[in-house]
Amino acid sequence: MTRAVRTARRAAPTAPANAFATDVIAGLTSKPKHLPPKYFYDLAGSALFERITQLPEYYPTRCELALLRDNAPAIASLFPPGCTLIEFGGGSSRKARILLGAAATIEAYVPVDISGDFLQQDAAQLRRDFPRLGVHPLVEDFTKAFALPGAIAALPRVGFFPGSTIGNFEPHEACQFLRHAGAMLGDGAVFVVGVDLVKDDKILYRAYNDAEGVTAKFNLNLLTRINRELGADFDLGAFEHHAFYNAKHNRIEMHLASTRRQKVRVNGTTIDFRAGETIHTENSYKYTIESFQALARGSGWSPLKTWSDGMVGIHALQRTGER
Ligand code: TRP
């Protein structure tokens, strides 16, 4: 390497080291400020998220688990024999285990998640519990295209996308995701998608503003991560968790609000905050049964059957392909 190149590299301390730095700077220098929610899930964030799913106010996990348990045989009866179950971004295999237990004909399980630590631990336990199942974890960002393991190439595919994670996409992104998942799962594939329902906004509000403050911690952990990994100096005492239901868009919005006017240094860039200015960290869109079925139909899938307890919905879709 020439001296000039070395000097040039050293002279550019603001040059983003990686995708995390690039995405964070891009989000914090836009108007309004935002951060990509996929970065919530470092080890601490994943553990906090597990705690959210156990909170009394956070009904979606409990409701979806019960709905899966009550209807597992009916859901599994839609799966082709000898199939692979491909789960998008599930974090833990807790929900997939219900389907694996009900459908003895599932040959392989491919959990796809961006958080590798959780995934590997979980896969080891799954292999002990289901010794005949092929377990092939993939550490990938499931919103992008990725290659499936060669071992399952010839098997029919069933997609599984629980947890209302689809609600964390913008509706047009949800449509793109459903199309891209369809292309990957192939013709005739079945897709099981869990979706939180539009409902009383007080129930929705409480689910994202728990009394114990775990959701607040989860949201603020994003700043802790930016401080640690990008050498930023966010004052954790000067930002607050704000979550509310936006009825016009049928979505919960999560923000981090600056409690005062302040400057923050992030990876060599100074970010100015007005008092009360927020960083928008996530949306959680809510759908009615009908509005989700319409989204699915418009994205290359036809609804086969839907199960609901009035709180959340589980949709079994079949790929219709492009018309
Ligand atoms: N997708 C679920 C939801 O939107 C889980 C989730 C994702 C979540 N990010 C979150 C829950 C942040 C609470 C806070 O509800």
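**Exercise 1. The three-stranded sheet**

Task: Determine what order the strands of the open sheet of three strands have, and which of them are edge strands.

Solution. In this predicted model, three strands form an open sheet in the order β7-β8-β11, and their pairing is antiparallel. Next, look for strands that pair on one side only: these are β7 (239-246) and β11 (278-285), the edge strands. Averaged over neighbouring strands and with direction ignored, the turn of one strand against the next is 20 degrees.

Now take the pair of β8 and β11. Strand β8 covers residues 251-258, and seven bridges pair it with β11 in the antiparallel sense. Within this pairing, leucine 256 faces isoleucine 279 of β11.

**Exercise 2. From isoleucine 279 to arginine 297**

Task: State how far apart arginine 297 and isoleucine 279 are in sequence and in space, and decide whether arginine 297 is buried, partly exposed or exposed.

Solution. Start with the separation: 18 residues in sequence and 33 Å in space, taken C-alpha to C-alpha. Arginine 297 belongs to helix α10, residues 289-297. For the exposure, the class between buried and exposed runs from 20% to 50% relative accessible area. Arginine 297 has a relative accessible area of 48% and is therefore partly exposed.

**Exercise 3. Strand β13 and its partners**

Task: Find which strands pair with β13, and explain why β13 is described as largely enclosed.

Solution. First, the partners. Strand β6 (residues 190-196) runs antiparallel to β13 and is joined to it by seven bridges. Valine 190 is placed opposite glutamine 318 of β13. Strand β12 (residues 301-308) also pairs with β13 in the antiparallel sense, over seven bridges. Here serine 308 is placed opposite glycine 313 of β13.

Second, the connection. β12 and β13 make a hairpin with three residues between them, and glycine 310 in its turn has a positive phi of about 90 degrees.

Third, the burial. Strand β13 spans residues 312-319; seven of its eight residues are buried, so the rest of the structure largely encloses it.

**Exercise 4. Backbone exceptions**

Task: Say which peptide bond is cis in the loop that holds proline 32, and give the phi values of serine 164 and asparagine 267.

Solution. The background is that most residues other than glycine have a negative phi and most peptide bonds are trans.

Step one: the bond from lysine 31 to proline 32 is cis, and its omega is near -10 degrees. Proline 32 sits in the loop that links α2 (19-28) and α3 (43-52).

Step two: serine 164, not a glycine, has a positive phi of about 55 degrees. Its loop runs between β5 and α7 (171-185). The cut-off for buried is under 20%, and serine 164 is counted as buried because its relative accessibility is 7%.

Step three: asparagine 267 has a positive phi near 50 degrees. The residue is found in the loop between β9 (262-266) and β10 (269-273). With a relative accessible area of 18%, asparagine 267 is buried.

Step four places asparagine 267 in its hairpin. β9 and β10 form the hairpin with two residues between them, and asparagine 267 is in the turn. The two strands pair in the antiparallel sense over five bridges, and valine 266 has threonine 269 of β10 as its bridge partner.

**Exercise 5. The cavity**

Task: Work out how many cavities of 30 Å³ or more there are, and describe what lines the largest cavity.

Solution. The count is one cavity of 30 Å³ or more. The largest cavity holds about 70 Å³ of space. Its lining has 14 residues; Gly91, Ser92, Tyr109, Pro111 and Leu119 are those nearest the centre. β2 and α6 are the elements that give two or more residues to this lining. Sorted by character, the lining of the largest cavity has six nonpolar, five polar and three charged residues.

**Exercise 6. Packing of helix α5**

Task: List which residues of helix α5 are buried, and which elements these residues pack against.

Solution. Helix α5 covers residues 94-102, and its buried residues are Lys95, Ala96, Ile98, Leu99 and Leu100. They pack against the helices α4 (59-76) and α6 (116-129) and against the strands β1 (84-88), β2 (108-113) and β5 (157-161). Two of these elements, β2 and α6, also give two or more residues to the lining of the largest cavity.

Notes. Residues are numbered from 1 along each chain as its sequence is written. This is a predicted model: local features need pLDDT of at least 70, side-chain atom pairs count only at pLDDT 80 or more; totals for chains, interfaces and linings use all residues. Side-chain values use heavy atoms; hydrogens and water are left out. Buried means under 20% relative accessible area, exposed over 50%, partly exposed in between (1.4 Å probe, protein chains only). Helices (H or I, at least four residues) and strands (E, at least two) are DSSP runs, numbered from the N terminus. Contact means heavy atoms within 4.5 Å. On a 1 Å grid over the protein atoms alone, a cavity is a set of points where a 1.4 Å probe fits but cannot get out, and a pocket is an open set with protein on both sides within 12 Å along at least five of seven lines; lining residues have an atom within 4 Å of a point. Grid points are joined across faces, edges and corners, and a volume is the space filled by probe spheres set on the points. Ala, Val, Leu, Ile, Met, Phe, Trp, Tyr, Cys and Pro count as nonpolar, Asp, Glu, Lys and Arg as charged, and the others, Gly among them, as polar. Two strands pair if DSSP finds at least two bridges between them. Axes are lines fitted to C-alpha atoms, for helices over the stretch in contact, and angles run from 0 to 180 degrees between N-to-C directions.
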